[in-house]
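Pull up the model and turn it until the helices are easy to follow. We'll start with how some of them pack, then move on to the ligand and finish with a couple of backbone oddities.

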Amino acid sequence: MSQAAVRQAEIAIEQKHVDVVYARLADMRVEAEEMRDRGDRLAHGAGTEAVFEQASMLYERDVMVRHANRILQALDSEHEGLVFGRLDDNTGETLYVGRLGIRDAEFENLVTDWRAPAAAAFYQATAEQPMGVVRRRVIRSTGQQVIEIDDDLLMPDAQPDTMQVVGEGALMASLNRARSDQMRDIVATIQKEQDEAIRAPWRGVTEITGGPGTGKTAVALHRVAYLLYRDRKRMGSAGVLVLGPSTAFTSYISRVLPSMGEDSVELRSLGNLLDGIEATRIDPAPIAAIKGSLRMRRVLKKALRDTPPDAPTEMRITYRGEVLKLDEQELAKVRRQVHSLGRLPNRSRVDAAEALLEALWHKAESYDGYDVSKKDLLIDLGERIDFHRFVVVFWPILTPIDVLRSLGDRARLARAAGSTLSAREVDQLAASWRHDDWSVADIALLDELRTLIGPPPKRRHRRVVVEEQPDPSGRRRPENYEDYSHIVVDESQDLSPMQWRMIARRGQYASWTLVGDPVQSTWPDVAEAQQARDTALGKRTTRRRFTLRTNYRNSAEIFNLAARVVRDVASDDELPRAVRDTGIEPLVEAVVPGSLTGAVRDAARELLDQVDGTVGVIASMTSIDKVRSWMSEVDDDRLKIVDAIEAKGLEYDAVVLVEPTEMVTESMTGPRALYVALTRATQRLTVLTTDENWPG
Ligand SMILES: Nc1ncnc2c1ncn2[C@@H]1O[C@H](COP(=O)(O)OP(=O)(O)OP(=O)(O)O)[C@@H](O)[C@H]1O
């Protein structure tokens, strides 16, 4: 038989099994729908039963409906192939691996869930340590149709005569496929070093480091799916939070978990961690550096002690024929006294009222011949509506947004900054807070203020309604929920100390997966961030670290160029190895400034012709608006225009990188932002520069 005929025959064998699986799935769908309907009927019936019966029926129904929904949802989730793997071992046993575990009506195993211990060999067996696996087969399908198979023969000596081995390189085939604007899952081709990080125990802190394109993000997401499968009770009830650097990034990765049947995970970017605010603006690096540093905590604390912007400067109240007056200094003294009690401002209004009454009594006491008793004065004034009206404006209930906005007033900010910030830093910050919208770095400051101010007091005499947000899993959660069981932080090398504090608040009892690459770091004060990170992780003693060393994204030709620019700041050990040669060298073109516009457009058009997937145009933050306007006449959905910071974590089939030198000069960490930008392309890269000596 020819190789092609063998391949077809093997595909037909797998198709047969896949058909059995889908037929079983159809039955399961009917069963699940019936289960859900039964659950609904049960709930209906419960309406007429005694109360205690009702409760147990409702509970039973909930469990039933939840279980049925989970099966239906897993069956409905978009995927490239439910069955994607097969193992043949040296005892003659066969095991199919897939996105779900499925048994037939007799409870015989049809497919093993990829996360189950029995499926681990699919990822971990190697020729050196075959774990009893003779042949590992990757099955690729579109819909329910098997279209390709790729085999690895791990124990040639144990190969039976009847066992065929076909195809080569499931991984390479997957890496060469065109990219869309959504990341795909990699369940079928997870590599051994990646699998070890995915299957690490949930407890403590798991760190996943590695260079660009080594699959850190993919691994972290598969780890979440794994942890939810292995320990759904612990992980699912309190919830898993996955944090990425930008909304572009969270949107890029948003399909991965649902494609594996998981949509109960909360995906947030650093700019939308606070409910109700969506920040996407990135501050220029020097301003982001100030906002992210721990010094800001001091500034914010002091700002809260200042007189609120619209607070009255004088108090006058008439009592038993005398006008009692407190001037600006006296009111300031009262304010200081209240703050010195150390309670949260939003919890201090009663203290403020008491301190004001005390100050009024001292005033009364100082008047000659004014004969009132302290007790009477405190009771009488304390009950007066005009006194209460004054307290409300003297000690307003603060919101983080109002406080930070008020620091757009330079004089106020300078008072709060004292000697903590330089005059230039005060200028820069005040100007930045006069913007209409918030920047990503502001979110950590707003969150810090939220805890420094405290929650607004609950209203008495009214039923308290806690504002709740629907959770993707259908659970209801209080606003700004803070109690996750597991937190994944992607691109963690870039977190500022203030951002570490913000995240730590949400993971006081959580276990963590931290993903990052120190070489891609664009945060200037490494020591301060490290310290903030250590504080955030606290005393968790279980720590494990996985380093991924193979770059699956870039062609070797593209990565070699990228590696050149960080040679001075990174050791060989910190750089990954790119495994895919394409024979296509990146194009570096020096152009005169006047022709840059046309050159960028031409390069983008040419690359759109050359690749099937996405093309990214990446420019410095300084030039991005200009470049966006240049590209407005190129109309193609596959074209994406991003700055060097937004490009973090994303990838495109081809990239036009505009003015590399600008990316180095505007960054506070030298060539690292440029390194990030240069490592976004999977197939083709064109660098356009007006600096003819680049890369030097
Ligand atoms: N085992 C694998 N099989 C198929 N594709 C893979 C595998 N591992 C990684 N990839 C692909 O490689 C690309 C890079 O992966 P990913 O974005 O997770 O890398 P990263 O380490 O997070 O990169 P960066 O640090 O640059 O953000 C993605 O397209 C991913 O799907």
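In this predicted model, look at where helix H19 touches helix H20: Ala444, Leu445, Asp447 and Glu448 on the H19 side meet Met498, Gln499, Arg501 and Met502 on the H20 side. Sorted by class, that contact has four nonpolar residues, one polar and three charged. H19 covers residues 440–453 and H20 covers 497–504, and their axes come within 9 Å of each other and cross at roughly 50°. Angles from 65 to 115 degrees would count as roughly perpendicular and those under 35 as roughly parallel, so H19 ends up oblique to H20. The crossing itself is left-handed.

H19 has another helix to deal with, too. What does H10 meet in H19? Ala288, Lys291 and Gly292 of H10 meet Ala441, Asp442 and Leu445 of H19. You've already run into Leu445, since Leu445 is also among the H19 residues that meet H20. The H10 contact breaks down into three nonpolar, one polar and two charged residues. H10 spans residues 285–292, and here the axes sit 9 Å apart with an angle of about 15°. That angle is why H10 counts as roughly parallel to H19. This crossing is left-handed as well.

Now swing over to the ligand. There are 24 residues around it, and those that come nearest are Thr189, Pro212, Gly215, Lys216 and Thr217. By class, the shell comprises seven nonpolar, twelve polar and five charged residues. Where do they come from? Helix H4 (170–176), helix H6 (216–230) and strand E17 (550–555) each supply at least two shell residues. Lys216 and Thr217, from the nearest group, fall within the bounds of H6. On the domain level, both domain 1 (3–177) and domain 3 (556–689) give residues to the shell, so the ligand lies between them.

Two spots in the backbone deserve a look before you close the viewer. Most residues other than glycine have a negative phi, and most peptide bonds are trans. Phe107 goes the other way on phi, with a positive value near 75°. You'll find Phe107 in the loop between strand E3 (102–103) and strand E4 (109–113). The other spot is the peptide bond joining Trp694 and Pro695, which is cis, with omega at about 0°. Pro695 is in the segment after strand E23 (681–689).

Methods. Residues are numbered from 1 along each chain as its sequence is written. This is a predicted model: local features need pLDDT of at least 70, side-chain atom pairs count only at pLDDT 80 or more; totals for chains, interfaces and linings use all residues. A residue is near a molecule or strand if its C-beta atom, placed from the backbone, lies within 6 Å of it. Helices (H or I, at least four residues) and strands (E, at least two) are DSSP runs, numbered from the N terminus. Ala, Val, Leu, Ile, Met, Phe, Trp, Tyr, Cys and Pro count as nonpolar, Asp, Glu, Lys and Arg as charged, and the others, Gly among them, as polar. Domain bounds come from an automatic or database domain assignment. Axes are lines fitted to C-alpha atoms, for helices over the stretch in contact, and angles run from 0 to 180 degrees between N-to-C directions. Angles under 35 degrees count as roughly parallel, over 145 as roughly antiparallel, 65 to 115 as roughly perpendicular and the rest as oblique. A crossing is left-handed if the near helix is turned anticlockwise from the far one by less than a right angle, and right-handed if clockwise. Two residues are in contact if their C-beta atoms, placed from the backbone, lie within 7 Å.
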